[in-house]
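Hi everyone, thanks for making time this morning. I'd like to walk you through a structure, so have a look at the screen with me.

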2 protein chains.
Amino acid sequence: MEDLTRFNLQEAIAVLGRTAATLDALLRGLPDSWVRSNEGNDTWNAFVIVGHLIVGERTDWMPRVRIILERGEARPFDPFDRSAESEIQGKSLEQLLDEFARLRRENLAALQALNLQPDDLARRGRHPALGAVTLAELLATWVVHDLTHLHQLSRVMAHQYRDAVGPWNVYLGVLKCAGHSAP
Amino acid sequence: MEDLTRFNLQEAIAVLGRTAATLDALLRGLPDSWVRSNEGNDTWNAFVIVGHLIVGERTDWMPRVRIILERGEARPFDPFDRSAESEIQGKSLEQLLDEFARLRRENLAALQALNLQPDDLARRGRHPALGAVTLAELLATWVVHDLTHLHQLSRVMAHQYRDAVGPWNVYLGVLKCAGHSAP
């Protein structure tokens, strides 16, 4: 089958609506050794990743949708604050998973309520660094941003067994992933 | 927190026991555009990935555990047949997810029933290509193999929106992942 190159709103929502349950299935109840460990130095562990997704729900995705619909290119988006420190302080991972699930559910309900039409998806906003972007591109990015952090999380967890797998490390692609983090 | 460098059986089982539910939450009911698309040419889609995990449950992980315990290095493992064609033929993704969950549950029950002790985890077997390996290395590899395919799956799905994200592609790490596939 061909790649899906055209953005489709309901197909995007199908992924966005599964991310919270996916993270929950993977992370809830896991021992600290898995969820508190990172890839060294200032890299992210599961707490920071889920906290970052929460920040996105609060300040990034739907606020940007509304800026595009209400103000178009006249009002650039606020930069995305990637720090999640204040979000995760003093919380258990289970609390963070619950919070992310609630915010995502609310945001998808709000998105559906907008009843976006193809013309709306072509409307433009202004990213502070990237310039003109469309609403469809913003929504596609929301999806791929979820997948980027699932990709990161699987790599962070695999890193904990980098030595434990012994000679098998040559066969395990996730151990060769360089991270590709944005600055 | 330090990396978890020492293998711990119950911590490994904690991840192995979550993989089927994670894949189920991510994939069940997704439109075909997500689960039938791949990264081009002979790359894998969700059907092939879940089929490959099923083959591992049937022929690789627990059979190799038993070879180590019963025969040690005297009897090399059978090579892992990475093809999943016969497993996925004519099946829905939901059937494959159910089958993987059932096999994984049975295999983890069998693993727990072995009541492995630290001395057992140091026992050696012989990999047909890699040479001497320990039981702990085999079990750690089972975990990281799950994570490799979750990492792959998030990348395959993200690939479908590679163009749809427009200029945001520069910020999305998963779109920069080269795959790192084993031969």
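Let's begin with how the two copies meet: 100% of the interface residues of chain B are also interface residues in chain A, so the copies meet through the same surface. Keep in mind that this is a predicted model. The predictor gives the complex an ipTM of 0.95 and a pTM of 0.95. As for chain A, its pLDDT averages 93, and 96% of its residues score at least 70.

How are the chains related? A turn of 180 degrees, with a shift of 0.0 Å along the axis, lays chain B on chain A with an RMSD of 0.0 Å. The two copies are therefore related as by a two-fold rotation axis.

Now please find His151(A), in helix α8 of chain A, residues 135-159. Is His151(A) buried or exposed? Its relative accessibility is 1%, and the cut-off for buried is under 20%, so His151(A) counts as buried. Leaving aside residues up to four places away in sequence, His151(A) touches Cys177(A) and His180(A), and from chain B His151(B), Ser154(B), Arg155(B), Val174(B) and Cys177(B).

Last stop, the hairpin. Strands β1(A) and β2(A) form it, with three residues between them. They pair in the antiparallel sense over four bridges, and Arg124(A) has Thr134(A) in β2(A) as its bridge partner.

In a regular strand, side chains alternate between the two faces of the sheet. You can see that along β1 of chain A: Gly125(A) and His127(A) point to one face and are buried, while Arg124(A) and Arg126(A) point to the other and are not.

Conventions: Residues numbered from 1 in each chain as written. Chains lettered and ligands numbered in written order. Predicted model: local features only at pLDDT ≥ 70, side-chain atom pairs only at ≥ 80, totals over all residues. Heavy atoms only, no water. pLDDT = per-residue confidence, 0-100. Buried < 20%, exposed > 50% of the residue type's maximum accessible area, 1.4 Å probe, protein only. Helix = DSSP H or I, 4+ residues; strand = E, 2+ residues; numbered from the N terminus. Pairing = 2+ DSSP bridges. Least-squares fit on C-alpha atoms with pLDDT ≥ 70 in both. Contact = heavy atoms within 4.5 Å.
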